[in-house]
Amino acid sequence: MGFRTLCAVDDVWEGEMTEHELDGHEILLVGLAGGDVKAYQARCPHQDVRLVEGEFNGRRLICRAHRWEFDACTGRGLNPDDCRLAEYPIRIEAGQVMVETEDVWPLYGHT
Ligand code: FES
């Protein structure tokens, strides 16, 4: 399927996150401190809560429901540290954020 356009890179603000749908995938875009953009599964690995409703400071992402924390640069779980967010490959081309959804599926952790 290849990389497909998700949104304009100007729509992703540093320290903010937005939720998108593409090819049946729910995708969270995060604007990292320093300007990089990452794309992750949009739902928390714990109990499927929308991560866009949580807190994000440009580095750490915290789910609103039970305060699980993730490193927004890697998707790695920080608390607890035995989980992670699935990451979508991303490309920035001609001012657009392009995402590849093939073979990326949400991950789930313990309850
Ligand atoms: S659903 Fe996210 S921490 Fe529980």
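This section describes the nonpolar cores, the surroundings of two residues and one antiparallel sheet in a predicted model.

The largest nonpolar core of the model comprises 17 residues. Within this core, the residues with the most contacts are L28, V30, L51, F56, L61 and F70. Separate from it is a second core of 13 residues, among them L29, A39, V99 and V104. Beyond its neighbours up to four places away in sequence, L28 touches M17, T18, K38, A39, Y40, Q41, A42, L51, V52 and L61. Two of these partners, L51 and L61, are also listed with L28 among the residues with the most contacts inside the largest core.

E26 belongs to strand β3, which spans residues 25–31. With a relative accessibility of 34%, E26 is classed as partly exposed, because this class lies between the limits of 20% for buried and 50% for exposed residues. When residues up to four places away in sequence are set aside, E26 touches H20, Y40, Q41, A42, R43 and Y88. The C-alpha atoms of E26 and A42 are separated by 5.3 Å in space, although the two residues stand 16 positions apart in sequence. A polar contact of 3.3 Å joins the side chain of E26 to that of R43.

Q41, one of the residues touched by E26, is located in strand β4 (residues 37–41). The relative accessible area of Q41 is 1%, and the residue is therefore buried, the limit for this class being under 20%. Two polar contacts of the Q41 side chain involve backbone atoms. In one, the side chain of Q41 reaches the backbone oxygen of R43 at 2.8 Å. In the other, a polar atom of the Q41 side chain lies 2.8 Å from the backbone nitrogen of L107. R43 thus takes part in polar contacts with both residues, through its side chain with E26 and through its backbone oxygen with Q41. Apart from neighbours within four places in sequence, the contacts of Q41 are E26, L28, L51, R84, L85, A86, Y88, P106 and L107. Of these, L28 and L51 are listed among the residues with the most contacts inside the largest nonpolar core.

An open sheet is formed by three strands, arranged in the order β1-β11-β10 with antiparallel pairing. Strands β1 (4–8) and β10 (90–93) occupy the edges; each has a single partner strand, so one side of each lacks a neighbour in the sheet. Direction ignored, neighbouring strands of this sheet are turned by 30° against each other on average.

Four bridges connect β1 with β11 in the antiparallel sense, and A8 stands opposite Q96 of β11 in this sheet. The antiparallel pairing of β10 with β11 (residues 96–99) likewise extends over four bridges. Along β11, V99 is the bridge partner of I90, V97 is that of I92, and Q96 stands opposite E93. Q96 is accordingly placed opposite both A8 and E93. Strands β10 and β11 constitute a hairpin with two residues between them. One residue of the turn, A94, has a positive phi of about 50°. V99, the bridge partner of I90, is also included in the second nonpolar core.

How values were computed. Residues numbered from 1 in each chain as written. Predicted model: local features only at pLDDT ≥ 70, side-chain atom pairs only at ≥ 80, totals over all residues. Heavy atoms only, no water. Core = buried A, V, L, I, M, F, W, Y, C linked by side-chain atoms within 4.5 Å. Buried < 20%, exposed > 50% of the residue type's maximum accessible area, 1.4 Å probe, protein only. Contact = heavy atoms within 4.5 Å. Polar contact = N/O pair within 3.5 Å; in protein donor to acceptor, adjacent residues only side chain to side chain. Pairing = 2+ DSSP bridges. Axes fitted to C-alpha atoms, helices over the stretch in contact; angles between N-to-C directions.
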